[in-house]
Amino acid sequence: MNAIIDSFKAFLDSAPELSARYTSFVRILLPALSALILSGAFISLFTLPKQKELFAKFSLKDRNHVFPLNHLECLIGRSRSADIPLPSLTVSRIHAVISGDGEGNWQVYDMDSKQGTFVNNREVTDCAPIHYGDELRLGSVVLTFCEVDREEAAVVLHRRRGVRPFPPWTSLLLLTILQGALCIQLTIEKNAEAARTIIPVFFAYTVLMWAYFVILRIFRVSGFELEIIAFYLTTLSLSVTTSCNWKLLRKQLLSVALGILLMLMLGRLLRTPKAVRKSRWPMAAFAVGLMLLTILLGQFKNGATNWIRFRGFSFQPSELAKLCYIFAGAATLDRLFRKRNLGLFLGLSFFLMVSLAYLNDFGTASVFFVTFLVIAFLRSGDFATLFLFLGGAVTAGAMALIAKPYIWARFSTWRHATEYASAGGFQQSRTLTAIASGGLLGTGPGGGFLKRVAASDTDLVFGMICEEWGLLTGILAVLCILVLSAFAIHSALSCRSAFYMIAACSATTMFVFQTALNVFGCTDILPLTGVTFPFVSDGGSSMLLSWGLLAFLKAADTRPGASFVHRVTDRRNRRLLRDIAVSEHILSQADDSAEDGASVLAADAGKEASR
């Protein structure tokens, strides 16, 4: 293999004119392929309608009115925002919650209502099981819990089955062509020793990508738009790593593989609300443990003591703590309105942010704080409380500026990077110069100068992408993150559980806020905070976090076959699908026989006419 690679590299070196023409061609090809790959995924995400699921229903006693349960968790109360609104003065605004596990088992939770909640005239103190045919009384309102009729369920399933995401194979083929063209370009720019690493790593990455899609397609997963965006951004990351330090390329590929494995493991854990409830407290304890481990064993790097090194490997525990924080912060409906749970979440948030401040990692602390604001608002809906938290954060930030002079030094050069081009604004001024030199199409992967500046593959990675790939590709990379966030918000109302909705919004908050800090920081619009660009920046911890956060977005996707997180149907629905298939087969046979009969009759009529 090395002999073949050396021969190929020698051929490229022996034909400099051919290599120069290829570089000019690649500068146009890569942005064009990027636009084609991403446009298909973007269009597919937002053009397909989201058909609501139907799990069960309530019928109002003595009235011909039905309330469908389109989620596994539904809020019942007098509030207009309730899933089942009951405009009765005897019903509390937030009266009760009904929750299911997707397999036909349901529970009713009383939300400290004034008139109480009763199942078959038995009062519900905390929670109680409810079965089909049972009567649920809330104040003076009596509801009957009903199973969905077979005909109605068949109609809903048939309608949902007709909604299918676009096939991913065209985008995959274009992405493979892009990776091949990129590999050749980087081989031209590097020496023969680097080529022995670049070509096998890119080949292994392409095989890993195709294996992921093929294996999940075997398990009848059909929606891959989110993964296509993630694999495209990861391809940019491999390009950045090769340009800056090709010796770290194998580690970055291993990080991608581990990140995909982490996403699949989280997807397995997120399959049912029951598993989610059991994992919340262990995840919170794990986040606390990671912070304590960092405080005890953390080593100083890039201005913060947030790294742990072990046998040549280094990682940031705070990155994995972000995943655990979302698990602990997101809540199911039965826990959403409990003040005790919100108080415990406040305590966890305070501990994590104080720990990060102690470790001088204020960039990560700001990410945690913004995510905390989003989770707190989704859990309470109280703007006054949010303004109180925000005021406290501003006060704490002012105290940090006084206590940490080096932070104030960063603010002193903010918006004046060119005036301090040889001091505090060195990185930002070089980044702005690199973006300008790259133009719309870039200098070609591996051909930039920003890679010689410290943190070019992490904190300044947006500038490096714009320099080597062009401003058009840099804009597309930012657009990828914005599309992921828009899809999460678009899918929030159709989530099966409040947990999935809060988790998806929290994950997209981390994506967007980290991207904003990275892009605006390196271009001197905001102070440089040392926060990574999701999927693109070099580093194993950041890559693991990015793929892990993608699992929460997949959990919010309820399109049939689009998410491996959900069980598409339970046993009863699978039987219904088989019945639908059988009935469609019988109908098609009947139509074929009718057509054959009609053709026979027409032939006989023609013979009679000729006679």
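This is a short walk through the strands, helices and aromatic pairs of a predicted model.

Hi everyone, a word on the ground rules. Residues are numbered from 1 along each chain as its sequence is written, and side-chain values use heavy atoms, with hydrogens and water left out. Since the model is predicted, local features need pLDDT of at least 70 and side-chain atom pairs count only at pLDDT 80 or more, while totals for chains, interfaces and linings use all residues.

Let's begin with the sheet. Helices and strands here are DSSP runs, numbered from the N terminus: H or I of at least four residues for a helix, E of at least two for a strand. Two strands pair if DSSP finds at least two bridges between them. We have an open sheet of five strands, in the order β4-β3-β5-β6-β9, with mixed pairing. The edges are β4 (84–85) and β9 (127–130), each with a single partner strand, so one side of each has no neighbour in the sheet.

Going in from the β4 edge, β3 and β4 pair in the parallel sense over two bridges, and Gly77 has Pro85 in β4 as its bridge partner. Then strand β3 (residues 73–77) is joined to β5 by four bridges, and those two run antiparallel. On the other side, β5 and strand β6 (residues 106–110) are antiparallel too, over five bridges. The hairpin of β5 and β6 has five residues between the strands, and in it Gly102 takes a positive phi near 85°.

How many of the five residues of β5 are buried? Buried means under 20% relative accessible area, with exposed over 50% and partly exposed in between, using a 1.4 Å probe and protein chains only. Five of the five in β5 (residues 96–100) are buried, so the strand is largely enclosed by the rest of the structure. Ala96, Ile98 and Gly100 point one way, and Val97 and Ser99 the other.

Let me stay with Ser99 for a moment, in that strand β5. Ser99 counts as buried because its relative accessibility is 4%. Glu73 stands opposite Ser99, and in β6 its bridge partner is Gln107. Contact means heavy atoms within 4.5 Å. Leaving aside neighbours within four places in sequence, the contacts of Ser99 include Leu72, Trp106, Tyr109 and Arg277.

Now to the helices. Axes are lines fitted to C-alpha atoms, for helices over the stretch in contact, and angles run from 0 to 180 degrees between N-to-C directions. Helix α1 (residues 2–14) packs on helix α5 (residues 192–218) at an angle of about 115°, with the axes 9 Å apart. Asn2, Ile5, Asp6, Phe8 and Lys9 in α1 meet Ala192, Ala195, Arg196, Ile199 and Pro200 in α5.

Further along α5 we find Phe202. Is Phe202 buried or exposed? At 3% relative accessibility, Phe202 counts as buried. Leaving aside neighbours within four places in sequence, it is in contact with several residues, among them Gln179, Leu182, Cys183 and Leu238. The C-alpha atoms of Phe202 and Thr235 are separated by 8.9 Å, with their positions 33 residues apart along the chain.

Last topic, the aromatics. Rings of Phe, Tyr and Trp (its six-membered ring) pair if their centres lie within 6.5 Å; planes under 30 degrees apart count as stacked, over 60 as edge-to-face and the rest as tilted. The structure holds 19 aromatic pairs. In one of them, Phe213 and Phe231 have ring centres 5.7 Å apart and planes at 45°, so the pair is tilted. Phe213 lies in helix α5 and Phe231 in helix α6 (residues 225–245), so the pair ties together parts that are 18 residues apart in sequence. Both of these residues are buried.

Another pair is Tyr325 with Phe368: centres 5.2 Å apart, planes at 70°, so edge-to-face. Tyr325 lies in helix α9 (residues 317–329) and Phe368 in helix α12 (residues 362–380), so this pair ties together parts 43 residues apart in sequence. Tyr325 counts as buried at 1% relative accessibility, and Phe368 is buried at 1% as well.

Finally, ring pairs link Tyr205, Tyr212, Phe213, Phe224, Phe231, Phe511, Phe535 and Trp547 into a cluster. Thanks for listening!
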